[in-house]
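Visitor: Please show me the model, and let us then discuss it by question and answer.

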Amino acid sequence: MGNGWHEWPLMVFTVLGQCVVGAFIVLAIALLTQRSKEEARRIHLSMFFLWALMAIAFVASVLHLGSPLRAFNSLNRLGASPLSNEIGSGSFFFALGGIYWLLAMVNKMPRALGNIWLIVTMLAGIGFVYAMCRVYEIDTVPTWDNAYTFFHFGLTVLIGGPVLGYLLLRGANINGCGLRLLPVISLAALVVSIAVVMLQSASLAGINSSVQAASALIPQYGSLSVWRLVLVILGLGCWFCPLIMRKRPALASMILAFVLVFAGELIGRAIFYGLHMTVGMAVSG
C-alpha cells in the first residue's frame with residue numbers, strides 16, 4: 001500500500017507524452033489554418049520545445065527500463081506486445097514530428113505535403129496515446145483494466161495539451177479567435193475528470209481479492225485527489241483570469257499555468273500507479 005511515486009519515470013513519460021500530443025495537435029491546427037509564412041515560421045520555432053519535452057519523456061522511459069539496450073529490446077515484439085507497441089508508436093510519432101520540424105525549419109517542406117504530414121503526425125500522436133492505454137489492459141490488475149485508464153490518459157491530453165499549446169503559440173506571438181476554444185476544452189476536460197475521479201473512487205469499494213481491497217491501496221486517495229485538483233485549477237486560473245479581464249495572458253503566467261497543471265497531472269498519475277493491484281483472482285462487485 002502507499003502511492004505510485006516510485007514509478008516517477010513512467011509518470012513523467014506518460015504525462016509529458018500526452019501533453020506533447022495535445023499541444024502538437026493545437027500547433028498543427030494553427031498551421032493548417034492558412035497562416036502567413038512569418039507566422040508559420042514563428043510556430044515552427046516554438047515547436048522545438050515540443051520535441052525537447054518529448055526527448056525528456058523518452059529519457060524518463062529509458063530510466064524506467066534500466067538501460068538504453070532494454071529500450072531497443074522492447075521493440076522486439078512490435079505488433080504483439082502492448083509495451084512494444086507503445087514504444088514503437090511513440091517513436092513513430094516522435095520521428096514524424098521531428099522530421100517535419102527539421103524540414104520546415106530549413107524551408108524544404110512544401111505546403112501541400114506539410115499539411116498532409118501534419119495530419120498524419122496528429123493521427124500518429126493519437127495512436128501513441130491509445131497504445132499507452134493498451135499497456136495497462138492487464139486481466140490480473142482490475143484497478144487498471146477498465147475504462148477509467150482510457151479516461152485518465154485521454155483527459156490529460158485535453159487538459160495539459162491546450163495549456164502547453166497555448167503557451168507555445170503565446171511565445172510565438174500568434175493571435176486568433178480559434179485560441180479562445182482552448183481554455184474551454186481544458187475546462188470541460190477538467191469537469192469530466194472530476195466526475196471520473198468520483199466514479200472511480202466509488203468503484204474501488206467493489207474490487208477485492210482474498211488478501212486486499214482496492215479501496216485500501218492508497219490511504220491518501222482523497223487528499224491526493226484534492227491536491228491534484230487544486231494544482232490544476234490554480235494552473236488554469238493563471239490562464240483564465242487574464243482572459244476574463246479581456247487581457248492577453250503574459251508568457252510568464254502561461255509558463256506557471258503549465259507547470260501547475262503538469263504537477264497536478266503528475267499527482268493524478270501517481271494515484272494511478274499506486275492503484276496497481278496484482279491478483280490471481282479478483283472479485284469485482
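Visitor: At which residue of H8 does the kink lie?

Guide: This is a predicted model, in which local features need pLDDT of at least 70, side-chain atom pairs count only at pLDDT 80 or more, and totals for chains, interfaces and linings use all residues. Residues are numbered from 1 along each chain as its sequence is written, and side-chain values use heavy atoms, with hydrogens and water left out. Helices are DSSP runs (H or I, at least four residues) numbered from the N terminus, and a bend is the angle between axes fitted to the seven residues ending at a residue and the seven starting there. In H8 the kink is about 35° and comes shortly before the proline Pro242, at Cys238.

Visitor: What span does H8 reach from its first C-alpha to its last?

Guide: The expected span is 1.5 Å times one less than the number of residues. For the 24 residues of H8 (221-244), 34 Å is expected. The model comes close to this, with 33 Å.

Visitor: Is Cys238 buried or exposed?

Guide: Buried means under 20% relative accessible area, exposed over 50%, and partly exposed in between (1.4 Å probe, protein chains only). Among the H8 residues in the first class are Trp239, Phe240 and Pro242. Cys238 is likewise buried.

Visitor: Which residue just after H8 takes a positive phi?

Guide: H8 itself covers residues 221-244. Just after H8, a positive phi of about 60° is taken by Arg246.

Terms used:
Helix = DSSP H or I, 4+ residues; strand = E, 2+ residues; numbered from the N terminus.
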